[in-house]
Amino acid sequence: MSTASEGALPRPHGRCPAFDLRAAVAGARTRGWPLVMGILNVTPDSFSDGGRFADAGGAVEQALRLAQQGADIIDVGGESTRPGAMAVSEEQECARVLPVIDAVRARCGVPISIDTSKAGVMRRAVETGAALVNDVRALRDAGALDTVAALGVPVVLMHMQGEPRTMQQAPRYDDVVREVTGFLLERARACETAGVPHDQIALDPGFGFGKTLAHNLALLKNLRALADLGYPVLAGLSRKSMIAQMIDRAVDARVHASVALALAAAARGAAILRVHDVAATVDALRVTARVQAGD
Ligand code: 7PM
């Protein structure tokens, strides 16, 4: 706790304790199943608000539902990383996520992560009550690295090849596992140099972000190699198009396959699972944990 909060900016309402990633992962290990991060999209295409402000009310209701279903973390994102998505300004992104973070903080104790790449959004989200940062760009944008270090919050570093708009056009690797692992290790070291404690960093191979199905499957099959670096690993496989590539299912018919992929990631050492379908995933993880325990 103290290491994660040293050097932290003042937490404005005094009601957002520092989130200790190492302690949370250790607690999950004792419990027998990984941390479950529930996805809360507050992009205009996910709530029918016409695009000016996110429907904070609907988003808060969804957050409370995720918490009730057993989410250990709620991941709030206001910038669509969808291939071809429009760029969003810091003001726009904050207008979407800050009211939601504030309202969720007031109404439930589940830690909130902010899914963003912008330093300004990271800072304002944490000041509003977010407990950790989740960045698909692994803190490569201007100021992001120093901002996270100064805020004293844990961070998820994700691998992405290319840019969201074009990343799926021709993903190419000589050795995807080695290249993704090497990139993440380099970003983790950069974080540590900037002052983020080693045990407050999680790594994520970034399924679907500049990867073919074959790349995604190689990364999942070899997820243990990433976990063996010694950082907690986050796996985000929920409802992704790699499922459609395998079994041709529409987004809302990918729940069973998503749960299967979550279990596969857990079996290979994932410490955090980022999912839409929290209830289904937690059911599957809990019975799997009982099988592993054998009592
Ligand atoms: C369209 C395309 C909408 C892709 C949403 C997405 C991850 C993430 C996302 C992930 C971490 C999604 C993605 N995916 N953060 N943010 N890991 N750390 O499918 O895999 O949710 S957005």
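Partly exposed is the label for a relative accessible area between the buried range, under 20%, and the exposed range, over 50%. Keep that in mind for this predicted model.

Q: Why is arginine 22 called partly exposed?
A: Arginine 22 has 44% relative accessibility. Partly exposed sits between under 20% and over 50%, so arginine 22 gets that label.

Q: What makes aspartate 20 count as buried?
A: Its relative accessibility is 11%. Buried means under 20%, so aspartate 20 fits.

Q: How do you know that arginine 22 forms a salt bridge with aspartate 20?
A: Their closest N and O atoms are 3.8 Å apart. The cut-off is within 4 Å, so the pair qualifies. There's a network here too: salt bridges link Asp20, Arg22 and Asp199.

Q: What makes lysine 118 and glutamate 79 a salt bridge?
A: Here the closest N and O atoms are 3.4 Å apart, and the limit is within 4 Å, so this pair counts as well. The two residues sit in distant parts of the chain, 39 residues apart: lysine 118 is in the loop between strand S3 and helix H5, glutamate 79 in the loop between strand S2 and helix H4. Both lysine 118 and glutamate 79 are buried.

Q: Why is arginine 187 called buried, and why is glutamate 186 called partly exposed?
A: Arginine 187 has a relative accessible area of 9%, and buried means under 20%. Glutamate 186 comes in at 43%, so it falls between the under 20% and over 50% cut-offs. Arginine 187 and glutamate 186 form a salt bridge, with closest N and O atoms 3.8 Å apart.

Key: Residues numbered from 1 in each chain as written. Predicted model: local features only at pLDDT ≥ 70, side-chain atom pairs only at ≥ 80, totals over all residues. Heavy atoms only, no water. Salt bridge = Lys/Arg side-chain N within 4 Å of Asp/Glu carboxyl O. Buried < 20%, exposed > 50% of the residue type's maximum accessible area, 1.4 Å probe, protein only. Helix = DSSP H or I, 4+ residues; strand = E, 2+ residues; numbered from the N terminus.
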